[in-house]
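Visitor: I am new to this structure. Could you walk me through it?

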Amino acid sequence: MKQFTSVHDVSDPAALVQEALALKRAPRGSLRHIGQNRTIALLFFNPSLRTRLSTQKAAIELGMSAMEYNAGQGWQLEFEDGAVMNLDKAEHIREAAAVISQYADIIGIRTFPGLQDREQDYSDYILKQFQQHARVPVISLESAIRHPLQSLADWVTIEEHRPAHRPKVVLSWAPHPRALPQAVANSFLEWMKRADVDLVLAHPPGYELAEAFTRGVSVTHNQNEAFEGADFVYAKNWSSYQDYGRITCQDAGWMVTPEKMALTNNGQFMHCLPVRRNVVVADAVLDSPNALVIEQANNRTYAAMAVLKGLLEGWTGTEP
Ligand code: SN0
């Protein structure tokens, strides 16, 4: 593995899931030699709780050092080639990425979409520019259009709770007061398409995701129908892709409730967090034994460890 920005960087995602599970079982402190004398730089253009702490924790468990930089509060970066930099942007990505590459063996970047210009967001230009100008491997800590570390941890969690039969996994849109990125949903679909599951996407009309992510996925506008017999229900809000970045429906009827979970096959509830209680999901679901959200967040550490280990070792014979 030379970089980790999407499932396409991993030739055998199921093997990476197994690697994360093996690392989870490893005795504490037994893996510190793997990343000894190696350093990761974690750059945050946006807020983060789980990604920031779990990636740092993963680095520590592998014996690496982690440096964090709140890039959103640092020098404003110029990404345009040939720009005349006489306005607010103080530093060009060409210098910034080259300089950070001298300090770190791996660079992680979190960057949300602006949700104004779809073409610009979907070009994922901030992540792409770092990839282009960095001289070390780059990890996405959630980009404008994907959140691969989250999806890997989600798959690890599903694997741990997998029933004897092929599970039905439902990704359901849920209401939210703010316009949110499509990244978590896009990524979840992209990874689940590579897993041995029956995948169903449920959302109100107008919340269709980009075709590149939904191709081959069964889609319904009927949430109850989707929940019937589901083994896993993953709730997530996203803003419209068509009417880009807009909230076109606030229908509280899409909130996940105990009544809806009763339609499932004793289904497990999943969410990437942070979650708006009693907007996205009712307290009674989140506080039930069937909620996996805390374990999902725990698995972020092992997902990140598997990825960092893969990058440090240059991956072993399964390059895409
Ligand atoms: C982010 C998102 O992509 O939806 C991060 C999820 C890992 N979520 C939010 O920004 C939630 C913000 C809020 O106000 O609830």
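Guide: Start with the residues around the ligand, those with a heavy atom within 4 Å of it. They are Glu142, His147, His176, Arg178, Leu180, Pro181, Lys236, Cys272, Leu273, Pro274 and Arg276. This is a predicted model, where local features need pLDDT of at least 70, side-chain atom pairs count only at pLDDT 80 or more, and totals for chains, interfaces and linings use all residues. Residues are numbered from 1 along each chain as its sequence is written, and side-chain values use heavy atoms, with hydrogens and water left out.

Visitor: How far is a polar side-chain atom of Arg276 from an oxygen atom of the ligand?

Guide: Take polar contacts, pairs of N or O atoms within 3.5 Å. Glu142 places a polar side-chain atom 2.7 Å from a ligand oxygen. Arg178 also has one at 2.7 Å from an oxygen of the ligand. For Arg276, the distance is 2.5 Å.

Visitor: What share of the ligand's accessible area does the protein cover?

Guide: Accessible area comes from the Shrake-Rupley method with a 1.4 Å probe. On its own, the ligand has 410 Å² of it. The protein covers 88%.

Visitor: Which strands stand at the edges of the sheet of 4 strands?

Guide: Strands are DSSP runs of E, at least two residues long, numbered from the N terminus. Two of them pair if DSSP finds at least two bridges between them. This open sheet has the order β2-β1-β5-β6, with parallel pairing. Each edge strand has a single partner, so one side is left without a neighbour in the sheet: these are β2 (65-69) and β6 (138-140).

Visitor: Which residue in β2 does Leu43 stand opposite?

Guide: Strand β1 covers residues 39-44 and runs parallel to β2. The two are joined by 5 bridges. Opposite Leu43 in β2 stands Tyr69.

Visitor: Why is one side of β9 and of β11 left without a neighbour in the sheet?

Guide: The other open sheet has 5 strands in the order β9-β8-β7-β10-β11, paired in parallel. β9 (218-220) and β11 (268-270) stand at its edges. One side of each is left free of a neighbour because each has a single partner strand.

Visitor: What does the twist average in that sheet of 5 strands?

Guide: Axes are lines fitted to C-alpha atoms, and angles run from 0 to 180 degrees between N-to-C directions. From one strand to the next, the twist averages 20 degrees.

Visitor: Which residue in β8 stands opposite Val169?

Guide: β7 (residues 168-173) and β8 (residues 198-202) pair in the parallel sense. They do so over 5 bridges. Facing Val169 in β8 is Leu199.

Definitions and conventions. Polar contact = N/O pair within 3.5 Å; in protein donor to acceptor, adjacent residues only side chain to side chain.
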